[in-house]
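Visitor: I have a structure here and some questions about its strands and loops. Could you take me through them?

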Amino acid sequence: MVGRRTRILAIASGGGHWIQLLRLIPAFEGSDVSFASVHAASASQVPGADFHSFRDASRKDWWRAFGSSIDVARIIARVRPDVIVTTGALPPLVAIVFGRLIGARTLWIDSVANSEKLSSSGWVASKLAHRTVTQWPDLATADLPCWGSVL
């Protein structure tokens, strides 16, 4: 009897966060992967994959966080991931919280753009996610390992 494949939700905000997440696709081989990001047009970058979009929010437009959180909660409920992998930012941080509530394992990969210190969302994720990693060896600590860079 063959077991069920691991369901992964790969989620990121737009721009560099999304590009970095796309570079991780080879790591998801052998799993059922659903992708989520802020632009519906991003579905064209993962042809044939299950794709979901959500409203974006950030600390600069925090008032959008409620609607974005509802979108992310719906995605989590629909996908029911075993694992959530994200490269940031605020809405994927919400996905980490909702994912923990349903028992998903969670991985936050802090953006490569944060070369001098962990992002603010990454700092929060370091308290919530099962694992948070940096892409910069100089930022690595015992609790914040560096597994390399996606670039």
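Visitor: How many bridges join β4 to strand β5?

Guide: This is a predicted model. In it, β5 covers residues 105-109 and runs parallel to β4. One pair of opposite residues is valine 83 and arginine 105 in β5. The number of bridges joining β4 to β5 is four.

Visitor: Which residue in β4 stands opposite isoleucine 11?

Guide: Strand β1 spans residues 7-11, and β4 spans residues 83-86. These two strands run parallel and are joined by four bridges. Opposite isoleucine 11 in β4 stands threonine 86.

Visitor: What is the handedness of the β-α-β unit that β4, helix α3 and β5 make?

Guide: The helix of this unit, α3, takes in residues 90-101. With the strands pointing away from the viewer, a clockwise path from the first strand over the helix to the second counts as right-handed. The unit made by β4, α3 and β5 is right-handed.

Visitor: Which residue does a cis peptide bond join to glycine 88?

Guide: The place to look is the loop between β4 and α3. Omega of the cis bond is about 15°. The residue joined to glycine 88 by this bond is alanine 89.

Visitor: Is arginine 80 buried, partly exposed or exposed?

Guide: Arginine 80 lies in the loop between α2 (65-79) and β4. Its phi is near 50°, a positive value in a residue other than glycine. Buried means under 20% relative accessible area and exposed means over 50%. Because its relative accessibility is 42%, arginine 80 counts as partly exposed.

Definitions and conventions: Residues numbered from 1 in each chain as written. Predicted model: local features only at pLDDT ≥ 70, side-chain atom pairs only at ≥ 80, totals over all residues. Heavy atoms only, no water. Pairing = 2+ DSSP bridges. Buried < 20%, exposed > 50% of the residue type's maximum accessible area, 1.4 Å probe, protein only.
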